[in-house]
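Let's take a walk through this structure together. Have a look around first, and then we'll go through its charged pairs and its nonpolar interior.

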Amino acid sequence: MPSQLTTPRAIERFLAQVREQFRSHDLSEMKDVDLILTVFLKVQFPDVFARLQSWKSELTRSSPSIASFGRREVEQPDWDQLFEVLDRNEDRRDARAVLAVLFPATRAPSPSRAAPRRFAHPDYFDRYLAQAIPEHDVPDAIVSRAIEKAAVGNGADLHSLLSADDESRVTLTLSKIRSLYPDIRELPHHEGPSGPVTLELLTVGMTLVNDAEDRLSSLTSNLFHLTHWAATLLRRLVDANPKSEIDCALMACSDIHRRTHVITTANRDVDALNDETAQTLREALHREADRLSSILLNDLRQGDESKAQAGNSFLYDVIAESPTLESFRADIANGLESDDFSLEDITARLVSFSYIIGGSGRPSYASFSGALFTKITGIEARSVESKDVSDCPDTGWLYRRQFTKPLISPRGADAKEASGSDS
């Protein structure tokens, strides 16, 4: 600043702009230091400021995400091109110094994601360029108020925000919600505000998980964000009070796949948490496995008449990794001997389908876990990791049984049938 603001007039012009921006903005929605530097950039280097929009993806980039795994490292931008509109070397040096403070990506190849409300955060970038909250944006204050109401049991405002017709606003709202809820392990490094953590809020969160539309339009759907937010709430609640009565809140989600997914997500890397928190989360997962046992057995008894989606290898896997497995195996054996269901009914439930994001909605690949089937039944079976099924007529039980029939050990199946005849 001293090398640019060399006259009283220049200093006064700059300070007048800062005062005007401070009067125009709610500073709880932006970072004051970033706003001051943005004003300086616009006053002293307007040509560089005008080019920032076209450089948004480069300026707001952060460490590789899940979507980047397996891809080649992204080529680093040539930052000199951003400053080529400036004639003097001194101006290029000073402009680069300002951007180095505002945008970590200009000084490090893979910076951490910027804290919320910073210019370098992709959700807030447009605010600084427009020097206002754009129409497509969602004010942080609205999100915070909705969460505060939900934290005492009134989830109407939060539900309204997340059921809006504008999908981009819903996605932005979810991004802001998640930024308020760092995981337990991230708390020591968290910058910025945090949201309340209550059983009432978890109840609202589980209701939202239950009601969310599951679209295959993006890698990180709204359901994905809600699931991870609810799992973070669960971890934070249990860590604050391991005696919390969490089951009632969890049951606000009646969809067993989604509820179980929240609980399994909360149990990821559980060994890195303190012993009491880890044990409480494991116990919650074991209770869910107990609930799943009767649901899955009832689903099997319905055979092809089952209209539910209880038949799913994910749910069977949860039981297979829990203390419930031994009693579940006994129930499976009894059901087979009593002809309540067949081996093919079981294999049909262990078929998983993969879909192409943004595709036709028909499955592209199918898989079957022989190891999981063996763990549940004691009968050997071959696994299929990924088979092209793009021409399959449907994903019903008949097709699934036909898909897996060649995979069951003939000797194991015959032995089961013989055992049933002897009895």
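Which residues are linked in a network of salt bridges? They are Glu29, Arg117, Arg127, Asp137, Asp140 and Lys176. A salt bridge here is a side-chain nitrogen of Lys or Arg within 4 Å of a carboxyl oxygen of Asp or Glu, and by that rule the count comes to 26.

Before going on, keep in mind that this is a predicted model, where local features need pLDDT of at least 70, side-chain atom pairs count only at pLDDT 80 or more, and totals for chains, interfaces and linings use all residues. Residues are numbered from 1 along each chain as its sequence is written, and side-chain values use heavy atoms, with hydrogens and water left out.

Now zoom in on one pair from that network: Asp140 and Arg127 form a salt bridge, with their closest N and O atoms 3.1 Å apart. This ties together distant parts of the chain, since Asp140 is in helix H7 (residues 140-150) and Arg127 is in helix H6 (residues 125-130), 13 residues apart. Helices are DSSP runs of H or I with at least four residues, numbered from the N terminus. Both Asp140 and Arg127 are buried, meaning under 20% relative accessible area (exposed is over 50%, partly exposed in between; 1.4 Å probe, protein chains only).

Asp91 and Arg88 also meet in a salt bridge, at 2.9 Å from N to O. Asp91 counts as buried because its relative accessibility is 15%, while Arg88, at 43%, counts as partly exposed.

Technical notes. Helix = DSSP H or I, 4+ residues; strand = E, 2+ residues; numbered from the N terminus.
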